[in-house]
Amino acid sequence: MITNIDHLGIAVTSIDAALGYYEKVLGLKCTHREEVASQKVRTAFIPCGQVNIELLEPTSPDSPIAKFLEKNPHGGIHHIAYATDDITSQLAQASGAGARLINETPVEGAHEKLVAFLHPKSTFGVLTEFCMSKPGAQH
Ligand SMILES: CC[C@@H](C(=O)O)C(=O)SCCNC(=O)CCNC(=O)[C@H](O)C(C)(C)COP(=O)(O)OP(=O)(O)OC[C@H]1O[C@@H](n2cnc3c(N)ncnc32)[C@H](O)[C@@H]1OP(=O)(O)O
Ligand SMILES: [Co+2]
């Protein structure tokens, strides 16, 4: 079951440059930075109420974020992530209802979470992430 929106993923060419906007213009605060090697991204998390802004910067030219930035050179909203209390059943439900899974099984995400994506061509144009804390995670 989906419990809440966990984060909005935003692609940027430079986290350091973008943080100036979020911290100085909006007055928000980055609370966590992490590189996720398996996704070839660096991340920065900025809480805003119950939802996080997740800034994503590519670490390699073949990162999914690098490809997105080729088409959107100024960056932009990349994905929406829903927290779920059971990511395996969430994927089964989504697949059974016709969504195209990018990940058949969950993979490592930031913040000690398991994540899995639905293809934007099957979700009305929005790249959709499911995420769930790993059992025993501190976050
Ligand atoms: C930090 C870890 C984790 C977390 O803890 O939160 C993350 O958030 S990781 C975030 C980065 N990782 C991913 O995005 C993994 C999932 N993404 C993918 O597998 C791919 O990016 C993709 C969505 C399958 C697209 O890859 P690909 O098919 O190679 O790229 P194309 O450029 O050819 O796109 C095909 C088609 O899809 C459209 N598209 C691509 N990205 C998006 C997007 N973010 N939102 C909406 N639409 C998207 C793209 O425009 C193409 O459409 P057409 O031009 O009409 O063919
Ligand atoms: Co994400």
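This section describes the strand order, the helix packing and the ligand surroundings of a predicted model.

The mean pLDDT of the protein is 97, and 99% of the residues reach 70 or more. For the complex, the predictor returns an ipTM of 0.98 together with a pTM of 0.97. In the UniProt record, an unreviewed entry, the feature "domain: VOC" is placed at residues 4-133. Helix accounts for 22% of this span and strand for 40%, and the end C-alpha atoms of residues 4-133 are 13 Å apart.

The sheet is open and consists of eight strands with mixed pairing, in the order E2-E3-E4-E1-E5-E8-E7-E6. Its edges are formed by strand E2 (32-36) and strand E6 (107-108); each has a single partner strand, so one side of each is left without a neighbour in the sheet. Helix H2, which covers residues 64-71, packs on the sheet and touches strand E1 (2-11), E3, E4 and strand E5 (76-84). The direction of H2 makes an angle of about 85° with that of E4.

The pairings can be followed along the sheet from the E2 edge. Strands E2 and E3 are antiparallel and share five bridges. One residue pair in this ladder is Glu-35 with Arg-42, the latter in E3. The two strands form a hairpin with four residues between them, in which Lys-40 adopts a positive phi near 55°. E3 (residues 41-48) continues to E4 (residues 51-58) through an antiparallel pairing of eight bridges. Within this pairing, Pro-47 has Asn-52 of E4 as its bridge partner, and Cys-48 is placed opposite Val-51, also of E4. The E3-E4 hairpin has two residues between its strands, and Gly-49 in the turn has a positive phi of about 65°.

E4 is joined to E1 by five bridges, and these two strands run parallel. Leu-8 is bridged to Ile-53 in E4. E1 also pairs with E5, here in the antiparallel sense and over eight bridges. In that pairing His-7 stands opposite Ala-81 of E5. E5 and strand E8 (residues 128-133) run parallel and are joined by four bridges, with Tyr-82 opposite Phe-130 of E8. E8 is in turn joined by six bridges to strand E7 (residues 113-118), and the two run antiparallel. Val-115 faces Cys-131 of E8 across this pairing.

Ligand 1 is surrounded by 27 residues, the closest being Pro-64, Gly-109, Ala-110, Pro-120 and Leu-127. By character, the shell comprises 13 nonpolar, eight polar and six charged residues. At least two residues of the shell come from each of E3, E4, H2, E5 and E7. The contribution of H2 is the greatest, at five residues. H2 thus has two roles in this description: the helix packs on the sheet, with contacts to E1, E3, E4 and E5, and H2 also gives the most residues to the shell around ligand 1. E3, E4 and E5, which are touched by H2, likewise supply residues to that shell.

Terms used
Residues are numbered from 1 along each chain as its sequence is written. Chains are lettered from A and ligands numbered from 1 in the order in which they are written. This is a predicted model: local features need pLDDT of at least 70, side-chain atom pairs count only at pLDDT 80 or more; totals for chains, interfaces and linings use all residues. Two strands pair if DSSP finds at least two bridges between them. Two residues are in contact if their C-beta atoms, placed from the backbone, lie within 7 Å. Axes are lines fitted to C-alpha atoms, for helices over the stretch in contact, and angles run from 0 to 180 degrees between N-to-C directions. pLDDT is the predictor's confidence in each residue, from 0 to 100. A residue is near a molecule or strand if its C-beta atom, placed from the backbone, lies within 6 Å of it. Ala, Val, Leu, Ile, Met, Phe, Trp, Tyr, Cys and Pro count as nonpolar, Asp, Glu, Lys and Arg as charged, and the others, Gly among them, as polar. UniProt positions are given in the numbering used here, feature names are shortened, and annotations may be inferred rather than shown by experiment.
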